Every structure is written in C-alpha cells, then in structure tokens.
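Morning, everyone. Please have the sequence and the model open while I talk. I will go through charged pairs, then a helix packing, then one serine.

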Amino acid sequence: LRMTPRLHSFLQEPFQIPNEVKYSIKMYKKGNQFKVPQRTNKSTNSSLAELMCTLKNRVHLSTVKAGDGPFSGEKWERSLPKQSLQETLGNPKTCAVVTSAGALRGSSLGKDIDSHDAVIRFNSAPMKGYERDVGKKTTVRIVNSQLVVSEKKKFFQDPRYRTGVLIIWDPAPYSRDLDEWYKHHDYNFHEHYHEYRKVHPEQPFYIISPSMQWDLWDVIQENSPVDIQPNPPSSGMLGIIVMMSVCKHISVYEFVPSRRKTELCHYYSSDRNWQCTQGHYHPLLFEKSLVQRLNRGEEEDILVLGKVTLDGYSQYTC
Ligand code: C5P
C-alpha cells in the first residue's frame, strides 16, 4: 500500500503542512477572535500512553449545569438536564464516531458502524438514503450553534435530530469565562435551546462547556509542531472526546482519511473543497495528526477503511 501525496502527507513524518493551512493559521492568528494567548511550549514527542493520560487528566467531558454563573434562574433550571451526560450515556463497550467526510460515500461501512453499542454523528449528517455507507443507528448527535440558529426550522422538525442525545456547542472565548461567553456567544442559541427543550422535553440535550473546548485545544496545540489556528476544535474532535470519556473502545471513521480521500466535503452533499478535510477555521489537520498518534489499530485499517481504533479513558490508569 502506497501513501498518496496531499492529504496523506500529514500521516507521515516529517509532518507536512499544506500552504493553504499555513495561510489560515496566519490569518486567524491575526484576527484572534477568541483572545488566545501566545503559546510556545511544545511536546510533540509524547508516547501514546503519555498522550492518553494528558487527555484523560486534562480534557474532561463537561457540560453546562443549572446554576453555573449566568446559566442560573428558573428558566435554565427548567431547561438544563438534571442528569449528567455521563449518566445519560452510561458506559458503552464499543462506540463509533461517524465523521461527515465525503470519503464515506461508497464505503459500505454501514453495517460495521451499526455493530457498535453507541454511534455519534454530527450536525446535519443524514442516515436516510446513506444507510449502506454510514449506518442508521444514532445514539448521540453534536450540533454547532450555527446550525441551530441558521437552520432553526429544520432543526426543530427534521426527524434526524429526534434520535438519541443532543449536544450543542458554541465557540467560546479562550478565557473559559461563562459571563463573557454568555454576552459574547458566537451564535445566539439560548432562546432556541429553551424552546427546543419545551417542544421535546423527553430528549436529553446538553450544552458543552467552554473549558472542554479550550482544554482540548491546549493539548492539540502543545502536541503540534507549529502554532495551530486559535479557534476551537471541530465538532468531530469534540465527539471523539465525548466517546473516549464514556466508551471502552472507539472506532473513528474517515477522520484520518482513507485512500477514498476526496475533495467532496460531505458524504451527503455535492460541495467540493479540500478545506473540509484538512481544515481552515478549525485546527483539523492537527486534530487528525493527534488522533492518528492514538491509533491502536492497523495502519491498513486507516488506508482501506478510514478507521482509527482508540481506547477510552477508562482503559488507562494514569
Ligand atoms: O462539516 P461538519 O463539521 O458538520 O462535519 C462533522 C465533522 O466531521 C467535522 O467537524 C470534522 O471533524 C469531520 N469532517 C472531516 N472531513 C470532512 C468533513 C468533516 O474530518 N471532509
């Protein structure tokens, strides 16, 4: 099996950073929307076990709870779930993370994906019509605040959002300060959240804490050879952490691209853009490199199936 250039270049040492990614990093550092401080410390040589323990010790599954700073008062008490996300998800043995990458189209991975105890999907990713490639089981779905605000009608009505546990995230300031985020959210999702909870009170729906986004970002930054984009990690990377926090073993599909790698952005649409896979706003290339370093499976499974096998936090004593 020969590695092909371009996207597979980031799987090899030395780590190659495409010019477009270099340009994005420069541009986002200049804007620095989330007020990320200058960073220098780098530890790119950690072993798999060290990396796992860094994640386990520092990046925790954390959601907003009623009474957390500005998320107080009757309305939030009513809307925010009483039970923690950990309790709701339990401890599945095997979990699948299904990215939305175009490379999943024609993969025939549906059965393999559905054989896991729990499956996480992202944003508007559909199952209907794509079952053969991506399966139909959905246990968790992470959506970004942009989708909930700009595609509100669809989000409230489309059945794809009705299955499983929902988790929303909104890019927060690096400070992790809840008051600052409350005032300077990226998309104003608060009222939509309250409304959704009223319409679908039986469906668990959580809000990711800023600390989880940026604690994860810190680890990606520290383990990358250059300064990464000063923006929060992608929905996909957040989903990997959610599953690592609760599952024993995790299969991640087409996060580290297989030989089906394509400029097709999503398996469910016809947009073509390499940035979807290598990153622009999100430090996606660096997320993928980190996840590849955590792979417990065969290199061939990545190339042929686009499948990375990870251990959950519970498998490590740190
Ligand atoms: O585009 P969207 O964020 O909805 O996709 C879900 C996740 O799948 C992304 O956050 C990213 O982690 C992953 N993805 C990818 N390559 C693509 C498209 C998405 O790795 N081409």
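**Salt bridges, a helix pair and a serine**

The structure holds 13 salt bridges. Keep in mind that this is a predicted model. I will take three of the pairs.

Some background before the pairs. Side chains of opposite charge can pair when their charged atoms come close.

Start with D114 and R121. Their side chains form a salt bridge, at 4.0 Å from N to O. Is R121 buried or exposed? R121 is buried, because its relative accessible area is 0% and the cut-off for buried is under 20%.

Next pair: R176 and D218. Here the N to O distance of the salt bridge is 2.8 Å. Where do the two residues sit? R176 is in the loop between β4 (165-169) and α9 (178-183), while D218 is in helix α11, residues 210-222. So the bridge ties together parts that are 42 residues apart in sequence. Now the accessibility. R176 is partly exposed, with a relative accessible area of 21%. D218 counts as buried, at 8%.

Third pair: E254 and R260. The closest N and O atoms of this salt bridge are 2.8 Å apart. E254 is buried, at 2% relative accessibility. R260 is partly exposed, at 25%.

Back to R176 for a moment. Which residues share a network with it? They are D215 and D218: salt bridges with shared partners join R176, D215 and D218 into one network.

Now the helix packing. We stay with α11 and add helix α12, residues 235-246. The axes of α11 and α12 are 11 Å apart, and the packing angle is about 100 degrees. That angle lies in the 65 to 115 range, so α11 is roughly perpendicular to α12.

Who makes the contact? From α11 come M212, Q213, L216 and I220. From α12 come M237, L238, I241 and V242. What is the make-up of this contact: nonpolar, polar or charged? Seven of the contact residues are nonpolar, one is polar and none is charged.

Last stop: S100. Find it in the loop between β1 (94-98) and α5 (110-114). S100 counts as buried, because its relative accessibility is 12%, under the 20% cut-off. Which residues does S100 touch, leaving out those up to four places away in sequence? The list is F122, A125, C265, H266, Y267 and Y268.

To recap: 13 salt bridges in the structure, α11 roughly perpendicular to α12, and a buried S100 in a loop. Thanks, that is my part.

Note on methods:
Residues are numbered from 1 along each chain as its sequence is written. This is a predicted model: local features need pLDDT of at least 70, side-chain atom pairs count only at pLDDT 80 or more; totals for chains, interfaces and linings use all residues. Side-chain values use heavy atoms; hydrogens and water are left out. Buried means under 20% relative accessible area, exposed over 50%, partly exposed in between (1.4 Å probe, protein chains only). Helices (H or I, at least four residues) and strands (E, at least two) are DSSP runs, numbered from the N terminus. Axes are lines fitted to C-alpha atoms, for helices over the stretch in contact, and angles run from 0 to 180 degrees between N-to-C directions. Angles under 35 degrees count as roughly parallel, over 145 as roughly antiparallel, 65 to 115 as roughly perpendicular and the rest as oblique. Contact means heavy atoms within 4.5 Å. Ala, Val, Leu, Ile, Met, Phe, Trp, Tyr, Cys and Pro count as nonpolar, Asp, Glu, Lys and Arg as charged, and the others, Gly among them, as polar.
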